[in-house]
Amino acid sequence: MSTREQTGTNARHPFPSVVARQILPARASRVVSRTGGYLILLLLTLASIFPLIWMILTSLKDRSETYSPNVIPSKPSLAAYQFLWSQMHVGQYLWNSVRVTSVTVGAVVILASLAGYAFARIDFPGKQTIFLLLLSTLMLPGAVLIIPLFLQLSDMHLIDSQLGLILAYIGGGLPFAMFLMRSFFTTVPGELVDAGRMDGASEFGIFLRIMLPLARPGIATITIFQFMDTWNEFIFAATFLHSPTQRTLQPALFALVGRYSTNWPVLTAALTVSIIPTVTVYLILQKQFVTGLTAGAIKG
Amino acid sequence: MRGQRALYGYLFILPTLAFFLAFVAYPFFRAITISMTEWAGYDQPRYVGLRNFINMAHDRIFWIALRNSLLFTVATTVLQTVIPLLVAVLLAQRWHWDQVVRTALFLPVIISMVVASLLWRMIYDPNFGVLNSALKAIGLSSLAHPWLADTHTVMPAIIIVSLWKSLGFYMVIFYAGLQAIPLDLYEVASLDGANGWQKLLHVTAPMLWPVTTVVMVINIIGGIKVFDVIYVMTTGGPNHASEVLGTYLYVTAFGATGGGSPSSGYAAAVGVVILVLSMIGTYAQLRLTGGRSDVY
C-alpha cells in the first residue's frame, strides 16, 4: 500500500485526533498511557498477523525441518510449492475457484442490478409483496438448505457439476445483493430517470446509460462481497462437488489435510497459495474492501 | 406507457425471482417437509409427523450439540462485542501507524474459515504446534496441552479462533460508529465539565448503542449457525465434545464420520431447530434496533 493512499485515508477521517483529545482523561500520566496504548496495539497487530507469517515461513521450510521449534527456516526453499504445483494440481483447483467465483459474481452483479433498479425506480403491481418475499429469507442459515439443495441438484443431474454449485450460489447471493443495489438506486436523484423518460429513452436504456454508471459504488460493494463469499465458501462446495477435477479450492484444502496431515510445508504452502488472490485484492482496494464486507454486516 | 413500464419492471426482477424460487424458496419448503419424514436419503420417505422432533428429547448427542451451540453463541457474542469495542475506542485515539494496525487486524477477516481453521489446527498441535513449543520455551511446559483433543479445552480453543478471525471485522464496524458521533456532543459535555471517562460513559456509550446491537445480533445469528470452524477443526470431536447443531445436522445427513446410517429426515429436523433459533435471533434484532436493519 502506498504512502499516498495512507495519507488519503487519514485525510478522509479527520476525527480521530479531535476525538482523542476529548475522550482521554486530561493529564492522567499521559506518557505512560501512551506507551501502554502502543504496546497493546503492537500486541494486537502481532496476534493478528503472526499465524499468517508462521504459515508463510513454514511453507518455506525443508521437510526435515518441519517439526523443529524454530519458526524461521534455516534453508528456505520453494520445494513445497513445486510439489504442490506438479503433484497436487493446485493450479486446477485455483482455476476451478476462479471460474466458479467469476461466473457467480458476474451473474449476481448483473441480475441484482436489474432487480434492484426495478424495485427502486419502477412501479408495478405486487412490487412490495415480492420485495418482502425476497427479503424474508435474508437470515436463513445455509445449513437448512443443504439437504434439499443436494436432492434438487441430484434431480437435475447437477451434482458434481460446477454449474449446479454456481446456480445454488447465485440463488443464495441474489436477495442480499438486490437489497443493497436497491438502496443505492434510491439515492440516485429521480429527476434523472424522469429526464431520460422525457427524452424517449427506453427503460433499459435509462438503466444502462444513466443509472448504472451512477451506482458504481454499489456495484463495487456487491462485487467484493460476493467475491469473498464465493471464494471462501466451503460447505456447499464440499457437499455438491466430489471429483478432484471439479473441486474448488476450499474443499480441496480440507481434503489435502486428510492426505498430508504431517507434511506441514506442503499444507501451509497450499494455504498460502489459496489466500494470495484475496489478500492481493484486499491490499490494493482496502477501503472498498472494508466497506464491501461490512455492508454484509446486516446479513451476517 | 405506464403499462409498458410495469412490464419492464417484471422483466427486470424475473431472473432474480426465478433463482430465488428455485434455489431458496422451494428448497426451504422441501426442508420443512423432509423434517417430518423418516428417510435415509435413498429409500422412500415415510411421513412421521413430529416424531423426529419428539425423538430429539431422548437424543443425548442432540442435547450436547444444542448446549455447545448456545455456549458458542453466548461466548462469542460477549467476547466479539466487548473486545472489538475496546480496541475500536483505543484505535480512535491518535496513534502513529494506526492505519497499519487496522490493515493487520482486518487480514484474518479476508482469509477463509477453512484456512483459518487449518492454520490453528497446526498451531494447537499437541506435539509440534507453536503454542505448546512457545509454552515450553518460556518454561511453562506444565501448561502445554492437547488443546483440541481434550474435552475441556476444545470449545475455548475454537472460540479463540473465532475471535481471532472476526476481531477486525467488528472493530471496523465500531470504529465507523465512533467516527459518526457528532463532535459537538463532546464539546457540550466539556462545557458541562465532564472529564474523559464521563464522556466515554455518557456520550460515546449511548451513541454507540445502535451499532452495538447490530454487532451483537450478527454474532448471535452467526453463533447459532456456526459450522465451518468446528467441522474443519474437530468434526465435532473428541467424543462430541465440540458437537454443535450445524455439525450434527451435517454428519447425520451425509455420514461424514462413518458409523450410523445417514438420516436425512432427522437431520432436516435439526435444521428446523437451527432455523427457529435464528428466527428468535432475528426477532431480537428487530426488537433491539426498533425495526431498523440499516443501522450500520
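This passage describes the fold of chain A, its helix H14 and its contacts with chain B. The model is predicted.

The secondary structure of chain A consists of 15 helices and zero strands. The chain has 300 residues, and 44% of them count as buried. Contacts in chain A with a separation of 6 or more were also examined by sequence distance. Of these, 76% join residues 24 or more positions apart.

Helix H14 of chain A covers residues 264-284, a run of 21 residues. From its first C-alpha to its last it reaches 29 Å. This is close to the 30 Å expected at 1.5 Å a residue. H14(A) also carries a kink of about 40° at Ile276(A). The proline Pro277(A) follows shortly after that point.

Ser274(A) belongs to the same helix, H14 of chain A. Ser274(A) counts as buried because it has 25 C-beta neighbours inside 10 Å, and the cut-off is 20 or more. Neighbours within four places in sequence were set aside to list its other contacts. Those contacts are Leu249(A), Leu253(A) and, in chain B, Val115(B). Ser97(A) lies 177 residues away from Ser274(A) along the chain. The C-alpha atoms of these two serines are nevertheless separated by 9.7 Å.

The two chains meet through 88 residues of chain B and 85 residues of chain A. On the side of chain B that touches chain A, helix H1 (residues 2-34) gives the most, with 20 residues. By class, that side of chain B has 61 nonpolar, 20 polar and seven charged residues.

Definitions and conventions
Residues numbered from 1 in each chain as written. Chains lettered and ligands numbered in written order. Predicted model: local features only at pLDDT ≥ 70, side-chain atom pairs only at ≥ 80, totals over all residues. Helix = DSSP H or I, 4+ residues; strand = E, 2+ residues; numbered from the N terminus. Expected span 1.5 Å × (residues − 1). Bend = angle between axes of the 7 residues up to and from the residue. Buried ≥ 20, exposed ≤ 12 C-beta atoms within 10 Å, placed from the backbone. Contact = placed C-beta atoms within 7 Å. Nonpolar A, V, L, I, M, F, W, Y, C, P; charged D, E, K, R; others polar.
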